[in-house]
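Dear colleague,

I am passing on a structure that you have not worked with before, and my notes on it come after it. Please read them side by side.

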Amino acid sequence: MPDTYLVDTAVFAYALGLAHERRDACRRIVELAAEGEVELHASVEMVQELLHHRMRRTQREAAVRQARAVADLCVLHPFDAAVLARALDLVSRTSLRGRDAVHAATATVNGIARLLSSNPDFDAVPGLVRVDPGDLG
């Protein structure tokens, strides 16, 4: 059974983006998921965030194609009332903001203990262990 992680939008943004010190590690995570070595989970909000990001950096058709590929690679979870309540709680008690709080809330509401991200703000979330993408490959 593959290891399970909730994945932060930045992992895919780095994997799809221009040269960056995090790009290779993030591309490796995508490869591991495609090979079934890890199981990536995400909020549907993550796919929307990635689409928004990619539409600013590439053509609309390419951004949609990339967002669909990411959605197909992940087990998607809804952004529902329980996730919203948890996200608001996290915003009030940690340094997380907006979408990052939604990602952390999605993980905790769905019993996912590990989150792939280079963002240390996730370290403040009780019950969630942040794994840096560079540590997984």
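The notes below cover one residue in a helix, a pair of packed helices, and one residue in another helix.

This is a predicted model, in which local features need pLDDT of at least 70 and side-chain atom pairs count only at pLDDT 80 or more, while totals for chains, interfaces and linings use all residues. Residues are numbered from 1 along each chain as its sequence is written, and side-chain values use heavy atoms, with hydrogens and water left out.

E49 belongs to helix α3, residues 44–55 (helices are DSSP runs of H or I, at least four residues, numbered from the N terminus). E49 is buried (under 20% relative accessible area with a 1.4 Å probe, protein chains only; exposed is over 50%, and partly exposed is in between). E49 nevertheless has no salt bridge (a side-chain nitrogen of Lys or Arg within 4 Å of a carboxyl oxygen of Asp or Glu), and the nearest side chain of opposite charge, that of R99, is 4.4 Å away. Leaving aside neighbours within four places in sequence, E49 is in contact (heavy atoms within 4.5 Å) with T9, R99 and H103.

Helix α3 also packs against helix α4, residues 60–73, at an angle of about 155°, and the two are therefore roughly antiparallel (over 145 degrees between N-to-C directions).

Finally, V109 lies in helix α6, residues 98–109, and is partly exposed, with a relative accessible area of 38%. Not counting residues up to four places away in sequence, V109 touches A82, V83 and R86.

With best wishes

Methods:
Lys and Arg count as positive and Asp and Glu as negative; His and the chain ends are not counted. Axes are lines fitted to C-alpha atoms, for helices over the stretch in contact, and angles run from 0 to 180 degrees between N-to-C directions. Angles under 35 degrees count as roughly parallel, over 145 as roughly antiparallel, 65 to 115 as roughly perpendicular and the rest as oblique.
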